[in-house]
Amino acid sequence: MSLQIRRVDKFADLQTIFRILQEDGAIIFEGFLSPEQVKQMNLDFDQPVIDTGPGSKKGEGYEQIQQFHGYQTTRVNNLVTHSKTFREQVLNDDLIHALGEYFFRKESGDWWLMATQLIQIGPGNVAQKLHRDLENFPAFIKMGKSGPCVAANCMIALTDFTEENGATRVIPGSHEWDNFEMSEEERFRHEDTIPALMKAGDMLIWDGKLVHSGGENKTESEYRRGIALPLTPAYFTPEETYAFSIDLEIVRTLPARVQKMIGFRSVFPSSGSGLWQHNFEKLEDYLGLN
């Protein structure tokens, strides 16, 4: 286990990436996006960020979620619709699909996106509560490190991530801790975390068992913008309802593997006879996507 977040570049082989993920629970892949892709997606998302505005959309009675989402943080979903570059180039990137296969294929079978979310942390936003993405699925908390991987995540930097503007913070090796059920007082301390310092275009990848959070934005005028791509086995309900938010004509333009990861094709766990079907036939046949 490394006391720092290890880094690789685009020339690294997949086995090196997987080995570091197994040992540390996190890795930074430098130069995942080109400068042109960064520029285009920032342009694509600028207006949705303005339209959405900061703060949680949860209403009264959801104070904990509001705090978790961040009062000065803007979160934009449905990135598939907002950006042609995102849906055609990022979601179809071989590395993203290799990560899905690495984390889920052996234990769970097919996998898909839990969500696509732009997260922009604004000046003055406090550090997010430390957590594991695994906690979206409470039954697996008790299984701890020996349980299957039910979540993994990528954070793609669209601006530089610095200590001051709220870089994602992680505790390397925490995916291998023995106790995943510690009390709130025992859980995690921000002083134990380290920041994922990245240039725009870099990508942080982490195991869903890893302790992490969004950092505090201590600046007066700087915004930290990134894209979160959480992945999950396809037998779980995702956070984002793609089937109701993405126009089918857009879906028809995408490769089959992207259609599957956003829920427009049937999925096949490692056991059973398949899920997300229509009259026990493949969804893609019903939708005429073949």
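This is a short walk through the cores, one small sheet and a few loop residues of the structure above. Keep in mind that the model is predicted.

Let's start inside. The largest nonpolar core has 51 residues. Which residues have the most contacts inside it? They are F32, F86, L91, I205, I227, L229 and I262. Helix α6, residues 94-108, gives the most to this core, with 6 residues. There is also a second, separate core. That one has 17 residues, including A157, A167, I194 and L204.

Back to I262. What does I262 touch, leaving out residues up to four places away in sequence? The list is V80, L91, L113, Y242, I246, V251 and L254. One of those, L91, is also among the residues with the most contacts inside the largest core.

Next, helix α9, residues 256-261. Q259 is found in this helix. Is Q259 buried or exposed? Its relative accessibility is 2%, so Q259 counts as buried; the cut-off for buried is under 20%. Again leaving out residues up to four places away, Q259 touches V251, R252, L254, F264, R265 and L289. Note V251 and L254: Q259 touches both, and I262 touches both as well.

Now the loop between α9 and α10, where α10 covers 283-287. I have three residues to show here. L275 is found in this loop. L275 is partly exposed, at a relative accessible area of 36%. W276 lies in this loop too. At 44% relative accessibility, W276 also counts as partly exposed. F280 is the third residue on my list, in that loop as well. With a relative accessible area of 77%, F280 is exposed; the cut-off for exposed is over 50%.

Look at the backbone in this loop. W276 is not a glycine, yet it has a positive phi of about 65°. F280 has a positive phi as well, near 65°, and is also a residue other than glycine.

Stay with L275 and W276 for a moment. Which residues make the nonpolar surface patch? L275 and W276 do, along with Y235. The patch covers about 290 Å².

On to P238. This proline is found in the loop between β12, residues 231-233, and α7, residues 242-245. P238 is partly exposed, with a relative accessible area of 22%. What is P238 in contact with, leaving aside neighbours within four places in sequence? W112, L113 and M114. P238 and W112 are 126 residues apart along the chain. Their C-alpha atoms are separated by 8.1 Å. L113 has come up before: I262 touches L113 too.

Last, the sheet. It is an open sheet of 3 strands, in the order β8-β7-β10, with antiparallel pairing. Why do β8 and β10 each have one side without a neighbour in the sheet? β8, residues 194-195, and β10, residues 212-213, stand at the edges, each with a single partner strand, so one side of each is left free of a neighbour in the sheet. As a reminder, strands of a sheet pair through backbone hydrogen bonds. Here, β7, residues 169-170, pairs with β8 over 2 bridges, in the antiparallel sense. Within that pairing, R169 stands opposite P195 in β8. And I194, one of the residues of the second core, falls in the β8 range of 194-195.

Methods
Residues are numbered from 1 along each chain as its sequence is written. This is a predicted model: local features need pLDDT of at least 70, side-chain atom pairs count only at pLDDT 80 or more; totals for chains, interfaces and linings use all residues. Side-chain values use heavy atoms; hydrogens and water are left out. Two strands pair if DSSP finds at least two bridges between them. Helices (H or I, at least four residues) and strands (E, at least two) are DSSP runs, numbered from the N terminus. Patches are made of residues with over 30% relative accessible area and no salt bridge: like charges are joined within 9 Å, nonpolar side chains (Val, Leu, Ile, Met, Phe, Trp, Tyr) within 5 Å. Accessible areas come from the Shrake-Rupley method with a 1.4 Å probe; for residues, only the protein chains shown count as cover. A salt bridge is a side-chain nitrogen of Lys or Arg within 4 Å of a carboxyl oxygen of Asp or Glu. Buried means under 20% relative accessible area, exposed over 50%, partly exposed in between (1.4 Å probe, protein chains only). Contact means heavy atoms within 4.5 Å. A nonpolar core is a set of buried Ala, Val, Leu, Ile, Met, Phe, Trp, Tyr and Cys residues joined through side-chain atoms within 4.5 Å.
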